[in-house]
Protein chains: 2
Amino acid sequence: MMARFTSFTTHDVRFPTSRDLDGSDAMNPDPDYSAAYVVIGTDAGDGLEGHGFAFTIGRGNDVQVAAIEALAGHVLGRDVDAALDDMGATWKSFVDDSQLRWLGPEKGVMHMAISAVVNALWDLRAKRAGLPLWDLLSRMSPEELVALVDFRYLTDALTREEALELLRRSEPGRAERRAELLRTGFPAYTTSPGWLGYSDDKLVRLAREAVADGFTQIKLKVGAHVEDDVRRLELARATVGPDVRIAVDANQRWDVGDAVEWISRLAPFDPWWVEEPTSPDDVLGHAAIRRAVAPVKIATGEHVQNRIVFKQLLQAGSLDVLQIDAARVAGVNENVAILLLAAKFGVPVCPHAGGVGLCELVQHLSMFDFVAVAGTREDRVVEYVDHLHEHFVDPVVVERGAYRAPTTPGFSAQILPRTLRHFAFPDGAEWTAATAATDTAAVPITTAPGRQVPA
Amino acid sequence: MMARFTSFTTHDVRFPTSRDLDGSDAMNPDPDYSAAYVVIGTDAGDGLEGHGFAFTIGRGNDVQVAAIEALAGHVLGRDVDAALDDMGATWKSFVDDSQLRWLGPEKGVMHMAISAVVNALWDLRAKRAGLPLWDLLSRMSPEELVALVDFRYLTDALTREEALELLRRSEPGRAERRAELLRTGFPAYTTSPGWLGYSDDKLVRLAREAVADGFTQIKLKVGAHVEDDVRRLELARATVGPDVRIAVDANQRWDVGDAVEWISRLAPFDPWWVEEPTSPDDVLGHAAIRRAVAPVKIATGEHVQNRIVFKQLLQAGSLDVLQIDAARVAGVNENVAILLLAAKFGVPVCPHAGGVGLCELVQHLSMFDFVAVAGTREDRVVEYVDHLHEHFVDPVVVERGAYRAPTTPGFSAQILPRTLRHFAFPDGAEWTAATAATDTAAVPITTAPGRQVPA
């Protein structure tokens, strides 16, 4: 019997994180971390579902949900095996919908919606294979991997043949690196001390704890007031000593000239990288900044819209560190393309994470990168924020500054049903009760209804 | 009495244009031209409303409507005079909403939604001033104009002071050019002959008609099959003779290498420009193509997401012709920024139009460019497609190959109430009746209810 996709259910889930200024930075003073969440079911009778989401920071999460729902027609009724076995073609069926494409093309709300659906399908495929996603990807042949990638608009920088060659070169060491990964995990760095809304005392305390916890890199938010930034970076440096790396993150606050000036003020405190100095769209601006502040490293990527902009950032020499995000570009397939581009240009990939479930997702991509693409963990770290993991069925485990490799089948994308219910916007208890307790542990586990898109 | 914005009503309007392959091109084979439409009302008692819209090509128009509705909270209840008198600050209040910004930033669905709302406010402001928008803008002082522009991320290419200087230089000739514009209009070119779905016979017939109608430039869609393109371009050239300009438009179909090869095949037939040879995101790709095919001109812009990408296209020498779109970047304000950038770099602006109401809107911007920014019409043309104008209250008038300058107050953005009702998706008569007549003239005029966002 052929199995078909039979359900497509969305959830607008929002956490009131703005109450404590968790996640505050120079561009985003009061985010309410949110997920536009989708669950895809089948009639296979195996009880397995695919879960995926786009991450937003509050208002507009409903728009993101609407965009995900616009894709339901491309999923419902389709042959499950055929769709999951050829994820390259499935990806194209979303991205190449000519009418939906007009809403981007390949950027913003519509592209993030594709991310949610594509990642949900990968979650399902990995569950059916009985493997965590990183391991599923790491067992695929070079031919199978390049078949996931849309090389349109990339061939002036990376052809299918070059990508194949690159994957074949790293194939022999896969088993050894897989074993090493399972033994020692993947390096993490923490942003928890560095939110802009935190006091100096809290910054110092959390930086000290981070080092005690085994992190060898932390990150501070900067970009609002230069004197504050100098003071906070100096404090952090004095706290962690010279050997712990301190990245700083300006969250797009500067123009090119501002960035160069500001970074020169921070340089004496040895920042490991400066992240998002200006608009994520400004390939040439990043290149100009990087030339002017060398040898200070420039990092960007969490808001980079697609593989085409990443290609140019690499071509123009705009960055030292490439930061993928698991849910902004169009899901696993496009991130495989970006990992291949980075490997071709020899630039380390250090993913953005945090938010809601971004750590859970993106750890898989870095682990796959280590085992099957870049083949090294040197100067590679995945961002870690100790935040909202309790809402996930298979939360990340970070120990002694490293992500432990997940072994549960899937993409670690699944949010607890009680969370989907309690934090549903605007009708969940968290949002209806002005005085609702934020302790979800007290909320009984029930099935979350969500909004089911009619088949 | 202070007037406030008191209503914010959206409409999902779709035309079944795919039935006749009108608007078909290599990327968009079957568009249903659509508008995500908004009407903003006040309690001023003057009966005036602001109308604006984003243009889409069918599926996803509901997502676009949802994004427009996400902005209602920034409009409803606000002081009308204060908002309209300082459109620079009003624009920033939409673009800098930190939570909504995450959905872009400044690109795609959310940015197009801002366009609809910003343009609706300009429509209202122009109506209140009793002037067509082009004239309202052309009467503003250089200081007032630069106050509309967000120079963030632009200052490495254009500062406020440079923009001021540029506007001051063209100030003396404004009155003369305004009179000239009212006398002779603004040059148009027509894409009507060139849709990819049309037969050779229809192409020849429509090209001949275009020349007879006084057009000195036409445009053909290309990019699906090179032999077809060569044949169609040769046919068109034979039909119109050597003196009529023929632009060709690939609608993003090529990679860099493909573009260079394909254009070399078309070059013998003297294309006036080659439009959208590759992804609108590929600044460096356009620059590489332009270098390789010179002196063939490269044009792009209808899908360029914002001023930051236009800045780079100019910095990198990626284009000979800059094509703004009235409703993709964030409305009038951002297009003023782009006109200023183009003037700084000495690149002519030849807007994209067609779709639903894009001709109606963008004519105002080119006329303003002529009177107050670039100060010339040389090598400037506005696209014209003879399509769907009958649905507008103040449709464009194109005579002898030129747009007549509108004199009715406003932004010419207003769709007829009967059209809003008849083409409402999915509940309008056009979509509910399988055999509904497409002749809207037979539909009685009534007020369109739309979806009113609660205040």
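## A tour of the two-chain model

Start by selecting residues 200–296 of chain A, where an unreviewed UniProt entry places the feature "domain: Mandelate racemase/muconate lactonizing enzyme C-terminal". UniProt positions follow the numbering used here, feature names are shortened, and annotations may be inferred rather than shown by experiment. The model is predicted, so local features need pLDDT of at least 70 and side-chain atom pairs count only at pLDDT 80 or more, while totals for chains, interfaces and linings use all residues. Residues are numbered from 1 along each chain as its sequence is written, chains are lettered from A and ligands numbered from 1 in the order in which they are written, and side-chain values use heavy atoms, with hydrogens and water left out.

With residues 200–296 of chain A still highlighted, colour by secondary structure: the span is 52% helix and 15% strand, and its end C-alpha atoms lie 25 Å apart. Helices (H or I, at least four residues) and strands (E, at least two) are DSSP runs, numbered from the N terminus.

**Stop 1: the core**

Next, select A:Trp122 and B:Trp122, the residues with the most contacts inside the largest nonpolar core, which has 296 residues. Such a core is a set of buried Ala, Val, Leu, Ile, Met, Phe, Trp, Tyr and Cys residues joined through side-chain atoms within 4.5 Å. Buried means under 20% relative accessible area, exposed over 50%, and partly exposed in between (1.4 Å probe, protein chains only). Leaving aside neighbours within four places in sequence, A:Trp122 is in contact (heavy atoms within 4.5 Å) with A:Met87, A:Leu133, A:Leu136, A:Leu137, A:Met140, A:Leu148, A:Val332, A:Asn333 and A:Phe411. Apart from the largest core lies another, of 8 residues, including B:Tyr189 and B:Val381.

**Stop 2: where the chains meet**

Show both chains together. The contact takes 60 residues from chain A and 60 residues from chain B. Between them the chains bury about 5000 Å², 53% of it on carbon and sulfur atoms; buried area is the accessible area (1.4 Å probe) that two parts lose on being put together, summed over both.

Chain A and chain B share 6 salt bridges, each a side-chain nitrogen of Lys or Arg within 4 Å of a carboxyl oxygen of Asp or Glu. On the side of chain A that touches chain B, β3 (49–56), α1 (61–69), α4 (98–101), α5 (108–129), α13 (283–293) and α14 (307–315) each supply at least two residues. The largest share, 5 residues, comes from α14(A).

**Stop 3: salt bridges**

The structure holds 64 salt bridges over all chains. For one that crosses between chains, zoom in on A:Lys107 and B:Asp281, whose closest N and O atoms are 2.8 Å apart. A:Lys107 sits in the loop between α4 and α5 of chain A, and B:Asp281 in the loop between β7 (271–275) and α13 (283–293) of chain B. A:Lys107 is buried, at 0% relative accessible area, and B:Asp281 also counts as buried, at 7%.

Now move to A:Arg265 and A:Glu227, with closest N and O atoms 3.3 Å apart. A:Arg265 lies in α12 (residues 256–266) and A:Glu227 in α11 (residues 226–240) of chain A, so this salt bridge ties together parts 38 residues apart in sequence. A:Arg265 is partly exposed, at 35% relative accessibility.

Finish in chain B with B:Glu143 and B:Arg168, where the closest N and O atoms are 2.5 Å apart. Helix α7 (residues 142–146) holds B:Glu143 and helix α8 (residues 160–169) holds B:Arg168, 25 residues apart. B:Glu143 counts as partly exposed at 37% relative accessibility, as does B:Arg168 at 39%.
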